[in-house]
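This report goes through side-chain contacts and burial in one protein chain. Please view the sequence and the structure together.

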Amino acid sequence: VSKSGVPLAEALPLVRAVAALPHVSIRGLMTLPPWSDDPEASRPHFAALRRLRDRIRSERIGSCAVEELSMGMSQDYRVAIEEGATIVRIGRLIFGERPGKDPG
């Protein structure tokens, strides 16, 4: 595993703790759902991140602008955009597969 974060259940408490730090502003959230060839398998993860963003906004936590939702990659970016993504990672669509790189 080359990437990690926090489970969804721990994200809101983390946002509250980080927002209390001076000179720190949370600009957005990012998710990487489990790899799947089926873009729809990512939808629940993207929708959950959007709901978290909406909750953070509604609670007006500190200086959290939470303007960006970074979610979606080459295989599921369309679903991510439908769910509110403002940043997608589509390098594979532009540059092709990296030699020797496992997509999962």
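The sections below cover the basis of the model, salt bridges, nonpolar groups and two loop residues.

## Basis

This is a predicted model, in which local features need pLDDT of at least 70, side-chain atom pairs count only at pLDDT 80 or more, and totals for chains, interfaces and linings use all residues. Residues are numbered from 1 along each chain as its sequence is written, and side-chain values use heavy atoms, with hydrogens and water left out.

Helices (H or I, at least four residues) and strands (E, at least two) are DSSP runs, numbered from the N terminus. A residue is called buried under 20% relative accessible area, exposed over 50%, and partly exposed in between (1.4 Å probe, protein chains only).

## Salt bridges

The whole structure holds nine salt bridges, each being a side-chain nitrogen of Lys or Arg within 4 Å of a carboxyl oxygen of Asp or Glu. In one of them, arginine 27 and glutamate 67 meet through their side chains at 3.1 Å, N to O. This pair links distant parts of the chain: arginine 27 is in the loop between α1 (8-19) and β1 (28-30), and glutamate 67, 40 residues apart from it, is in the loop between α2 (43-59) and β2 (68-73). Arginine 27 is partly exposed at 47% relative accessibility, and glutamate 67 is partly exposed at 41%.

Another salt bridge joins the side chains of glutamate 82 and arginine 43, at 2.6 Å from N to O. Here the link runs between helix α3 (residues 77-82), which holds glutamate 82, and helix α2, which holds arginine 43; the two residues are 39 residues apart. Glutamate 82 counts as exposed, at 56% relative accessibility. Both residues belong to a salt-bridge network that also includes Glu40, Arg50 and Glu83. Glutamate 97 pairs with arginine 92 in a further salt bridge, with 3.7 Å between the closest N and O atoms; arginine 92 is partly exposed, with a relative accessible area of 25%.

## Nonpolar core and surface patch

The largest nonpolar core (buried Ala, Val, Leu, Ile, Met, Phe, Trp, Tyr and Cys residues joined through side-chain atoms within 4.5 Å) has 18 residues. Those touching the most other members are Leu29, Leu52, Ile56, Ile61, Cys64 and Met71. At least two residues of this core come from each of α1, α2, β2 and α3. Contact means heavy atoms within 4.5 Å. Leaving aside residues up to four places away in sequence, methionine 71 touches ten named residues, among them Thr31, Phe46, Leu49, Ala80 and Val88.On the surface, Met30, Leu32 and Met73 form a nonpolar patch with about 250 Å² of accessible area together. Patches are made of residues with over 30% relative accessible area and no salt bridge; like charges are joined within 9 Å, and nonpolar side chains (Val, Leu, Ile, Met, Phe, Trp, Tyr) within 5 Å. Accessible areas come from the Shrake-Rupley method with a 1.4 Å probe, and for residues only the protein chains shown count as cover. Leucine 32 is in the loop between β1 and α2 and is partly exposed, at 33% relative accessibility.

## Two loop residues

Serine 74, in the loop between β2 and α3, is buried at 9% relative accessibility. Its side chain makes polar contacts (N or O atoms within 3.5 Å; within protein, one must be able to donate a hydrogen and the other to accept it, and residues adjacent in sequence count only if both atoms are side-chain atoms). The partners are the backbone nitrogen of arginine 92 at 3.4 Å and that of leucine 93 at 3.2 Å. Beyond four places in sequence, serine 74 touches Arg89, Ile90, Gly91, Arg92 and Leu93.

Glycine 62 is in the loop between α2 and β2 and is exposed, at 63% relative accessibility. Its C-alpha atom is 8.2 Å from that of serine 25, 37 residues apart along the chain.
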